[in-house]
Amino acid sequence: MPSSVVPRSAALSAVVAAALAAGLLAASTASAEPDAGVRIHDIQGSTRISPLAGQQVSDVTGIVTGVRTYGSKGFWIQDPQADADPATSEGVFVFTSSAPTVAVGDSVKVSGLVGEYIPGGVSSGNQSVTQISKPTVTVVSSGNALPAPVVVNAKSVPGAYAPAGDPAAGNSVNALPLNPRKYALDYYESLEGTNVKIGSSRVVGATDPYSELWVTVKPRENDNRRGGAVYGSYTAQNTGRLQIQQLAPIAQQPFPKANVGDWLTGTTEGPLDFNQFGGYTLVARTLGTVADRGLEREKTRAQHRGELAVATYNVENLDPSDPQEKFDALAGAVVENLSSPDILALEEIQDDNGAKNDGTVGAEQTLKKFTDAIVAAGGPAYQWRTIDPENNKDGGEPGGNIRQVFLFNPKRVSFTDRAGGNATTATGVVGEKGKAALTLSPGRIDPANAAWENSRKPLAGEFAFRGRTVFVIANHFGSKGGDEGLASHHQPPVRSSEAKRLLQAQSVNAFVKDILKVQRGADVVVLGDINDFEFSATSKALSDGGALYPAIKSLPRSERYSYVFQGNSQVLDQILTSPSICDFSYDSVHINAEFADQNSDHDPQVLRFRP
C-alpha cells in the first residue's frame, strides 16, 4: 500500500506529530527498537492517529477476521479481549503487499511497522487508516471463533455527523479525542478494523461498476418515497449511510445488483475499512441477500397544447463510437420518459470521433445519430443548434470536446437564428421595439471570462413559442473534482471547486439581468448540469437579485434530487426561471441515478409553463 512516509524515532518530534495530527503526513518508516506487549487498542489509540505511528511493534496478538487478496492486499486482526475504552478500536489492518497466507479464524502474532495510510494521498483530505506494514506473521492456531461482531444500527450511530475541526490544525479532526457516543464519524473511527455487522438495511446507492453499494442503517433518516436518503443541506450528511463491498473476489462470487429502495436482507458482516471513495466501508465476509423492491423508472406527463416543455439532460459523453444501444436507450427515454419536450438542452455531447484527440470539434454525426434514434423511437424530428468549442478548451475528456446543444421540435417551437456565433465571440442583449433580443443566437455567454477557462461556456438561444420569445441558456458548470469527501479529516470538508462555479453563476446571473433590464417581463430559462446543490452559494449567486428562481425548490424537499452520490440523493441538475415564469410544473424524472443499469448517471429535469 503506497503512502507518503516520514522518518520517526521512538520519540516522535513535535513537528512531525503536528503534521500527522493535521493529516499532512502518513508515518510508515521504521524507527528504533520494537515495543513488546503492545495490544491492538494501544496501536489504535483514542484519536484518529496512532500514538505508535512510525514505531515497530512485536507479537501483537489477534484473531484474523478478514483476508483481502485483491487491491490493497492484507488481513484484519482483532483482539478478542477488549479494553473498557469505547474510543479505542480492537481491530487493525495488516498490509502484506502480496496475497496473505493466513486464514479467517487464525490466531496470530504480528510484528511490524505501525503507520497511517491515507487512501487517495494527502491531497485527498481523506482520513488515514491505521495499519501494520512490513509484517512478520506467526500463526499460533487455526479454526478459532471470531470475536463477536459489533452491531451497527440506528440506535448505535449518533445523529450528529462530525465534530468541528481544530482551527489551529487547519480544521482537522485528526488530533481530537474520539467521542463515539456523540459523532457518527467518531463512532465509525472507533470501530476501524473491527468486525461489525448490520441487519437488513435499505439500499440508498445502487450497485456501481466497482462492485459496491450503499445502505442506510437509519431507514427514516431523510428518506424519500423511492427509498433514497436525501442530502438537503451541508449539515444533513445522513449518518446512517455505509458503503458495502465484499472480501470474496468477483470472479469467485459475483457482487449482487441492487437499485435504490431494494433491501440488503439478513446479516452482512466483516471488518470496517476506510475507502478512498466514500470513507467507512463494511468489507463483507458474509454478505446479505438483495431483495428487489421493484423500483420503476419514472415517466413525466406530456405537455398540454398551450404549455412549453423545456428539459435538460446530461447524456454522459455521447459520441458516435458509443454502441447503438446507448443511443437507442437515451432516445427512448426522451420519448417515453420525458414525453418529447419541445426544447431539450443536452450536456456532454462529444465531437464526431469522441475521445480521439486529433483536433476534431464538430458534432454533426453525434447529433444526427441521436436525433435519428429519437425518430426511430417514435419521437419528433428534432432540429439542433450549438456552438462548436475550441479544441480541448472546454474541459471534460481530452479530445472529446463536450458541449451543450439545443434540440427543439420545429412543429411546436421555432428558433430565432442570429448569425455570427462562434467559440470565442460573446453574445449580447439589445432592445428591438421594447423587447429584448440576442445579438448572436445561438451564442456563447462571456466566453473570455476566466471563470470559463477549461470549462463549458454557456449556450444562449432565442426561441419563439405561440408568438412569445423565450430565452434559454444551457449550462454545464465546473465539476466538483478536487472537493474533499464528507468523511474528510477536515470538518467541514474543503470544497475548493465552489470558487469557480460561484464565478460562473455570477456571469450567467449578470447576463440574465441584462435581458431583464431591456425587458422586465422577459421569459428566461436557465438550465443544465449546474454541478451544485439547490442550497449552495452557486445557486444563490444564480438567483441573486431575484433574477432567477430554482424551480426544483417547488418540489417537496424529499423529491429534490437528480443524482445519487455515495448514498446521498442530491441536486446537481437544475432549471431556473425568470420572475415572469411564475406558474409552472416541474419534474425531476428519476430514470438513471437510482439504478444499477444506467444510460447516464444524471436524471433529466422538465419544466412546463405557459409563456
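Trainee: How many salt bridges does the structure hold?

Mentor: There are 24 salt bridges in the structure. Keep in mind that this is a predicted model. A good way to read a salt bridge is to ask where its two partners sit. Take Arg48 and Asp186, whose closest N and O atoms are 2.8 Å apart. Arg48 belongs to the loop between helix H2 (40-44) and strand E1 (56-68), while Asp186 is in helix H3, so this salt bridge ties together parts that are 138 residues apart in sequence.

Trainee: Are Arg48 and Asp186 buried or exposed?

Mentor: Check the relative accessibility against the cut-off: buried means under 20%. Arg48 has 2%, so Arg48 counts as buried. Asp186 has 1% and therefore counts as buried too.

Trainee: Which parts of the chain does the pair Arg225 and Glu559 link?

Mentor: Those two side chains meet in a salt bridge at 3.7 Å, N to O. The pair links distant parts of the chain, 334 residues apart: Arg225 is in the loop between E9 and E10, and Glu559 is in the loop between strand E26 (549-550) and strand E27 (563-565). Arg225 counts as exposed, at 58% relative accessibility, whereas Glu559 counts as partly exposed, at 25%. Both residues also belong to a network of salt bridges that includes Arg226, Glu298 and Glu594.

Trainee: What about Glu462 and Arg418?

Mentor: Their side chains form a salt bridge of 2.9 Å, N to O. Glu462 lies in strand E23 (residues 459-465) and Arg418 in the loop between strand E19 (414-415) and strand E20 (429-432), with 44 residues separating them along the chain. Glu462 counts as buried, at 4% relative accessibility.

Trainee: Let's turn to nonpolar cores. Which residues of the largest nonpolar core touch the most other members?

Mentor: In a core, look for the members with many neighbours, then for the elements that supply them. The largest nonpolar core has 28 residues, and those touching the most other members are Val152, Tyr188, Ile198, Val215, Leu242 and Ile244. At least two residues each come from helix H3 (184-189) and from strands E7 (195-198), E9 (213-216), E10 (241-246), E12 (268-275) and E13 (279-284). H3 gives the most, with 4 residues. Another core, of 27 residues, lies apart from this one and has Val310, Val470, Val571 and Phe584 among its members.

Trainee: How do I read a helix such as H4?

Mentor: Start with the general idea: an α-helix has 3.6 residues a turn, so residues three or four places apart point the same way. Then compare length with expectation. H4 (residues 324-337) has 14 residues, which should span 20 Å at 1.5 Å a residue; the end C-alpha atoms are 19 Å apart, which agrees. The buried residues of H4 include Phe327, Leu330, Ala331 and Val334. Strand E15 (308-318), E16 and H5 are among the elements that cover the buried residues of H4. After H4 comes Ser339, with a positive phi near 55°.

Trainee: Where is Asn357, and which residues does Asn357 touch?

Mentor: Place a residue in its element, then list its contacts. Asn357 is in the loop between strand E16 (343-349) and helix H5 (364-376). Asn357 is partly exposed, with a relative accessible area of 47%. Leaving aside residues up to four places away in sequence, Asn357 touches Asn391, Asn392, Pro398 and Gly399. With Asn392 there is a side-chain polar contact of 2.9 Å.

Methods:
Residues numbered from 1 in each chain as written. Predicted model: local features only at pLDDT ≥ 70, side-chain atom pairs only at ≥ 80, totals over all residues. Heavy atoms only, no water. Buried < 20%, exposed > 50% of the residue type's maximum accessible area, 1.4 Å probe, protein only. Contact = heavy atoms within 4.5 Å. Polar contact = N/O pair within 3.5 Å; in protein donor to acceptor, adjacent residues only side chain to side chain. Core = buried A, V, L, I, M, F, W, Y, C linked by side-chain atoms within 4.5 Å. Expected span 1.5 Å × (residues − 1). Salt bridge = Lys/Arg side-chain N within 4 Å of Asp/Glu carboxyl O.
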